[in-house]
Amino acid sequence: MLDLTAGEVGAVQVYTTQNRGHSAEELTEMALNKIILIGGDAPEPIRSQAEAYRDRLRNIILFYMRQAMLSERATFRAELTEELKDTQ
């Protein structure tokens, strides 16, 4: 028998868009929010270092998010082209 018990899931965030998917920038911010959290009470030298790290990480993640989107489009285009050839 399946035992279903209630549990806590912690903080949940929901991101929505209207009539579109999420942009690379939005996805990057979502990822950063999961990867790194800078505490509000962090001492200044540590805060500055953490913010610099977050900015560098943002650039890296954003680059690869954009690359993934371009790659997905290229794959879709190739698959669609192949399907169109098969129907002619």
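Which residue forms a salt bridge with Glu29? In this predicted model, the partner is Arg54, with the closest N and O atoms 3.8 Å apart. That pair links distant parts of the chain, since Arg54 sits in helix α2 and Glu29 in helix α1, 25 residues apart. Arg54 counts as buried because its relative accessible area is 14%, under the 20% cut-off. Glu29, at 29%, is partly exposed. The pair isn't on its own, either: salt bridges with shared partners join Glu29, Arg54, Asp55 and Arg58 into one network.

Now look at the other salt bridges; the structure holds six. One of them brings Arg66 and Glu25 together at 2.4 Å, N to O. Arg66 belongs to helix α2 (residues 44-87) and Glu25 to helix α1, so this pair ties together parts 41 residues apart in sequence. Both ends are partly exposed, Arg66 at 41% and Glu25 at 37%. Another salt bridge joins the side chains of Arg20 and Glu26 at 2.8 Å, N to O. Here Arg20 has 46% relative accessibility and Glu26 has 27%, and each counts as partly exposed.

Back to Arg54, which also helps line the largest pocket, a space of about 210 Å³. Other lining residues include Val12, Tyr15, Met30 and Leu37. Helix α1 (residues 24-35) gives the most to this lining, with three residues. By class, the lining has six nonpolar, two polar and two charged residues.

Val12 leads us on to the surface. It is found in the segment before α1 and, at 60% relative accessibility, counts as exposed. Together with Val9 and Val14, Val12 makes a nonpolar surface patch of about 340 Å².

Notes: Residues numbered from 1 in each chain as written. Predicted model: local features only at pLDDT ≥ 70, side-chain atom pairs only at ≥ 80, totals over all residues. Heavy atoms only, no water. 1 Å grid on protein atoms, 1.4 Å probe; cavity = no way out; pocket = protein on both sides within 12 Å on 5 of 7 lines; lining within 4 Å. Points joined across faces, edges and corners; volume = space filled by probe spheres on them. Helix = DSSP H or I, 4+ residues; strand = E, 2+ residues; numbered from the N terminus. Nonpolar A, V, L, I, M, F, W, Y, C, P; charged D, E, K, R; others polar. Patch = residues over 30% accessible without salt bridge, like charges linked within 9 Å, V, L, I, M, F, W, Y side chains within 5 Å. Areas by Shrake-Rupley, 256 points an atom, 1.4 Å probe, with all protein chains shown as cover. Salt bridge = Lys/Arg side-chain N within 4 Å of Asp/Glu carboxyl O. Buried < 20%, exposed > 50% of the residue type's maximum accessible area, 1.4 Å probe, protein only.
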